[in-house]
Amino acid sequence: MHRTCLLVVSITFTLSRMSNLPEAEDSTVIFRDESVFSQKLQKFIKSGISNFQIVADFDYTMTSWAPSGTCFSVIRMYSGFGEEFLSKTEAIKNKHLPIHLDFSLPEEVRKESDYQWFTKTIKCFADAKFPKTLIPVMLEASQCRLRAGVVEFLKLAHRHNIPVLIFSGGIKDVIDALLEREGCYFDNISIISNRLKYDDKEVMVGVEEPFITASTKLEVAREDNYFKNVIRNNVLLLGDMLSDLKMASCVKHTDLLSVAFCYHEKDREQYRENFDMLLMGNPGFDRVNELLRQIVGERPDKTEL
Ligand SMILES: [Mg+2]
């Protein structure tokens, strides 16, 4: 294939200092082409912070892969809704997740399946008739959490006033609650994601249209004013799926550094051909923070404000 033109450098990255966190064990870092990566990085550094922005996916990019790290899972797995709810939403997930993850299927098939998965799940949520105030409670009961180092990443971006867009097919209400809980919902962060709809008693009744799923996030969000207001030429893009790369087409830019969290070994080759850097396994954000520190010119031992 393109093996000969791909300079692959794998290094073992040990995070023994953080061994209390399940995801922070070992990670393999893989570059598509290390020299191109370095050239891009140098260009980002030279261009300065004022030309730099960050666009990140949320589920499984900012959250940990295992055991269950999605916005939807926070509500879908809430035991307070009873066995029937749990088995129903689990069955919907089991039907559609394999299609979602099967990149060999035609895009239209995956897109339609994602849509069905989304609408059926939202219907179950609405049937549960939960109040808005239950979201932080469900979050607390869930195992959804930010990857180790994400708070530091967001603090670092905030210190340098770098626009961070979280662009997600998840649920904005859950992302809001998680960032608020962790004390890192700063004013340089914008979130484009699905907004739950509530009635006048603040009971969840559905989701605002248009729906944003992993496969439609571009089409439905391309016109968002964010992309008209934030014009910065150098983009650091963080994702965990090939489709996340499409986020770059929403943002006017000249240069892109793309980083993927790649959990499945079977996806390694395909991801390597498409992303500048892969972080294999389920690591924390240490490597990303290292990269960001280089771009903003901050030393690792900088005291946090
Ligand atoms: Mg994701």
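Helices here are DSSP runs of H or I with at least four residues, strands are E runs with at least two, and the numbering of both starts from the N terminus. By that count, Phe72 sits in helix H2. Keep in mind that every panel shows a predicted model.

**Figure 1. The whole chain, before zooming in, has 11 helices and 10 strands.** The protein runs to 305 residues, and 38% of them are buried. Take the contacts with a sequence separation of 6 or more: 69% of those link residues 24 or more positions apart. The panels that follow pick out a few places in this fold.

**Figure 2. Phe72 of helix H2 is buried.** Is Phe72 buried or exposed, and how many C-beta atoms surround it? There are 22 other C-beta atoms within 10 Å, and the cut-off for calling a residue buried is 20 or more, so Phe72 counts as buried. Leaving aside residues up to four places away in sequence, Phe72 touches Thr121, Gly170 and Ile171. Gly169 is worth finding in this view too: it is 97 residues from Phe72 in sequence, yet the C-alpha to C-alpha distance is 9.5 Å.

**Figure 3. Helices H3 and H4 pack against each other at an angle of about 170 degrees.** H3 covers residues 83-101, and its axis is 9 Å from that of H4; H4 itself spans 107-128. Angles over 145 degrees count as roughly antiparallel, so that is the label H3 and H4 get. H3 passes H4 in a left-handed crossing. On the H3 side, the contact is made by Phe85, Lys88, Thr89, Ile92, His96, Ile99 and His100. H4 brings Val109, Arg110, Ser113, Asp114, Gln116, Trp117, Lys120, Thr121, Cys124 and Ala128 to the contact. Sort the contact residues of H3 and H4 by class and you get seven nonpolar, six polar and four charged. Thr121 may look familiar, as it is one of the residues that Phe72 touches.

**Figure 4. Helices H5 and H7 cross at an angle of about 70 degrees.** H5 is residues 134-141, H7 is residues 172-181, and their axes are 10 Å apart. How are H5 and H7 oriented to each other? Anything from 65 to 115 degrees counts as roughly perpendicular, and H5 and H7 therefore fall in that class. The crossing of these two helices, H5 and H7, is right-handed. H5 contributes Ile135, Pro136 and Leu139 to the contact, while H7 contributes Asp173, Val174, Ala177, Leu178 and Arg181. By class, that gives six nonpolar residues, two charged ones and no polar ones between H5 and H7.

**Figure 5. Helix H7 is mostly covered.** How many of the 10 residues of H7 are buried? Seven of them are, namely Lys172, Asp173, Val174, Ile175, Ala177, Leu178 and Leu179. The cover over the buried residues of H7 includes two helices, H2 (71-76) and H5. It also includes strands S4 (164-171), S5 (189-194) and S6 (196-198). After the helix comes Gly183, with a positive phi near 65 degrees.

**Figure 6. Strands S6 and S7 make a hairpin.** The two strands, S6 and S7 (residues 204-207), run antiparallel and are joined by three bridges. For Tyr198, the bridge partner in S7 is Met204. Five residues lie between S6 and S7, and in that turn Glu202 takes a positive phi of about 65 degrees. Carry on past S7 and you meet a cis peptide bond joining Glu209 and Pro210, with omega about 0 degrees. Pro210 belongs to the loop between S7 and helix H8 (217-221).

**Figure 7. Tyr60 and Lys129 both have positive phi without being glycine.** Tyr60 has a phi near 65 degrees, and it lies in the loop between strand S3 (52-56) and H2. For Lys129 the value is about 50 degrees, and this residue is found in the loop between H4 and H5. Are these two residues buried or exposed? Tyr60 has 20 other C-beta atoms within 10 Å and is buried. Lys129 has 12 within that distance and is exposed.

Definitions and conventions:
Residues are numbered from 1 along each chain as its sequence is written. This is a predicted model: local features need pLDDT of at least 70, side-chain atom pairs count only at pLDDT 80 or more; totals for chains, interfaces and linings use all residues. Axes are lines fitted to C-alpha atoms, for helices over the stretch in contact, and angles run from 0 to 180 degrees between N-to-C directions. Angles under 35 degrees count as roughly parallel, over 145 as roughly antiparallel, 65 to 115 as roughly perpendicular and the rest as oblique. A crossing is left-handed if the near helix is turned anticlockwise from the far one by less than a right angle, and right-handed if clockwise. Two residues are in contact if their C-beta atoms, placed from the backbone, lie within 7 Å. Ala, Val, Leu, Ile, Met, Phe, Trp, Tyr, Cys and Pro count as nonpolar, Asp, Glu, Lys and Arg as charged, and the others, Gly among them, as polar. Two strands pair if DSSP finds at least two bridges between them.
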